Amino acid sequence: MTADPNRTEPKVSHADLYHPSDAVKRAARIKDWEAMSRYAADHPEAFWAARAEELGWYRKWDKVLDSSNAPFYKWFVGGKCNVVHNAIDRHQSTPKRNAIAYLWQGEDGSERAIAYGELAREVGKFANVLKASGVRKGDRVTIYMGRVPELPIAMLACAKIGAVHSVVYGGFSVDALHGRIQDSSSKVVVTCDGAFVSGKVVELKQIVDDALKRENGVTRVICFKRTGREVGWVEGRDVWWHEAMKDASPECATEQLDAEDPLFILYTSGSTGKPKALLHTHGGYSVYTYTTLRYVFDLRDDDRWWCAADPGWITGHSYIVYAPLMAGVTSVIYEGGPTYPQPDRWWKIVEQYKVSVLYCAPTAIRGFMRFGPEWPRNRDLSSLRLLGSVGEPINPEAWKWFYENVGGGRCPIMDTWWQTETGGFMITPTPVLPLKPGSGTRPFFGIKAEIVNEMGEPCKPDEEGYLTILAPWPGMARTIYGDAERYRQTYWNRYPGRYFTGDSARMDADGYFWIIGRVDDVIKVSGYRLGTAEVESALVSHPAVAEAAAIGLPHELRGNTIYTYVILRAGHEPSPELAEALRQHVGKEMGPIAKPEKVEFVAKLPKTRSGKIMRRVLKARAQGLPEGDLTTLEE
Ligand code: WT7
């Protein structure tokens, strides 16, 4: 393997073993991890069928798994279902209808508590609004909103009528949004007038308006009023959420769908070209997310679950919206920035709502570490019983800080490795497994993971290689929307019969997995997934730029940060002002998260003879590391 300078170096230390307490073991749903793991490995279809039996179906499946057209696997073939049936409808005839689905807090301190019964009515009403806007089964709807309860309501309303939602993260901007609206050929966009984040207003409606100045087929924009600030308005196209909802009926039958009918598409960055839309389906995704959430976080009726991710990423889709509602738990959603107005905002929320399980990203933890342990310590966090981490490798130092200062040394940390493509947790502890800080421990039940070398041969313990998955699982993305061939090429061609994750990893002698990082041109910045190609195309869209290259470099707080190298067009001179203007330009086109840390002007870029930029060489140079094999370099 080529050495990737952009990586963390987890230390495999056997001394650092954290055993679960008796209290944790007593409470755990899965007590005998080994037995369950063996059973699922030997009888995967029986294992998944039993999990599917725990959910409601309109019609039972004929076949658990159909591999006849691999890698386009099908699960629960012949089954009829709808994720909304399990997330909402099923609860209406039980006392659950009075239980709280979402406890929401705005950054300005406003609060809402939404019971399952009210959620059902709101989703029914918005489903009728969508129908009245011309949305039919199979149509795509783009959702671009802040962190308000109306975001899950809009997603669920789409699912209810069999429409396919495409949520675009509210931190993305004009170009990224426009590309996703166009690629999905959405006719309807759901948005907000704005969002409150870290003391500022994100002008979501303005960004939608700017995106829709470019070519598009959008006939309706539905706008939820959050900030009350003045926004632009296109008569005939734009309607207010509250006005459309006023006369809408809450009665709307949930569409009875095939298990393999699409539920949503979600765009994510790949190694080359434009972002790809991973497609997930109703049946398998429901079974997989529901099972993983309940087994890994052991959720029960009296839990207060807080997944602090954004609903706009896969973490939020699976573990703020669909799985927690299917499991019937109470979730916390917080609108704003983690340290606004003070660094204890999160800990105040945990104290106030008695959060029992907190699931967040390492970058957030590293951010809190900078302010010192007194902020969590001065709050009552005794309601917590489990913690979780996701999005990037967690460095052992951050792990221990989180464990001690937030978890009070009592709460095991579930470090869950997974991807937009996998739908749910893949390599993850359950509460009974002994933990090693920095390791996601072992594959989930029914998941066959293996680390292989360039030739596809299994690596020895502690040897670094590519992480691959050997067998299908119900939560897997079924395809890339509109580009099935790219799906096959990207994930299944490198090692035939195996899913290629794009990550490098090591397995130690205990069978514990240690994720090292991406081996492709994906950069994880603060846990957010960005592609070098997108940043480069944003730069090249600036009139001064002839060519650009983007790389990720290690960063103490954000995990990685973006460095860019720019060749200017004739007539433009390098200057600090131009570098700053280019940073701002990328922020405006793609979103603030994509703003490069540094723009460096260069006369040429290292390229292969076929003209491909050798980012590996740029990375090595930037870090003063050996440049490796340069035989393919053009000059
Ligand atoms: C990539 C997927 C999974 C939801 C959020 C990210 C990295 C994710 C971990 C973890 C080490 C992790 C991988 C993966 N990653 N979780 N616990 N430890 N790395 O989803 O945006 O599709 O990104 O995130 O590199 O491939 P995503």
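In this predicted model, the largest cavity encloses about 80 Å³ of space. The structure holds two cavities of 30 Å³ or more. The lining of the largest cavity includes Val167, Val168, Tyr169, Phe172 and Arg180. Leu266, Tyr267 and Thr268 also line this cavity, as do Gly312, Trp313, Ile314 and Thr420. By class, the lining residues comprise eight nonpolar, three polar and one charged. Strand 14 supplies the largest share of the lining, with three residues.

Strand 14 also belongs to an open sheet of eight strands. The strand order is 12-11-8-6-7-14-15-23, and the pairing is mixed. Strand 12 (238-240) and strand 23 (479-480) form the edges. Each has a single partner strand, so one side of each lacks a neighbour in the sheet. Helix 10 (residues 282-296) packs on this sheet. The helix touches strand 14 (262-268) and strand 15 (276-281). The direction of helix 10 makes about 80° with that of strand 15. Elsewhere in the sheet, strand 6 (residues 140-144) and strand 7 (residues 164-167) run parallel. Four bridges join these two strands. Valine 141 has histidine 165, in strand 7, as its bridge partner.

A second histidine was examined in its helical setting. Histidine 85 lies in helix 4 (residues 83-87). Its relative accessibility is 17%, so histidine 85 counts as buried, the cut-off being under 20%. Beyond its neighbours within four places in sequence, histidine 85 contacts Gly56, Tyr58, Arg90 and Thr254.

Notes:
Residues numbered from 1 in each chain as written. Predicted model: local features only at pLDDT ≥ 70, side-chain atom pairs only at ≥ 80, totals over all residues. Heavy atoms only, no water. Pairing = 2+ DSSP bridges. Contact = heavy atoms within 4.5 Å. Axes fitted to C-alpha atoms, helices over the stretch in contact; angles between N-to-C directions. Buried < 20%, exposed > 50% of the residue type's maximum accessible area, 1.4 Å probe, protein only. 1 Å grid on protein atoms, 1.4 Å probe; cavity = no way out; pocket = protein on both sides within 12 Å on 5 of 7 lines; lining within 4 Å. Points joined across faces, edges and corners; volume = space filled by probe spheres on them. Nonpolar A, V, L, I, M, F, W, Y, C, P; charged D, E, K, R; others polar.
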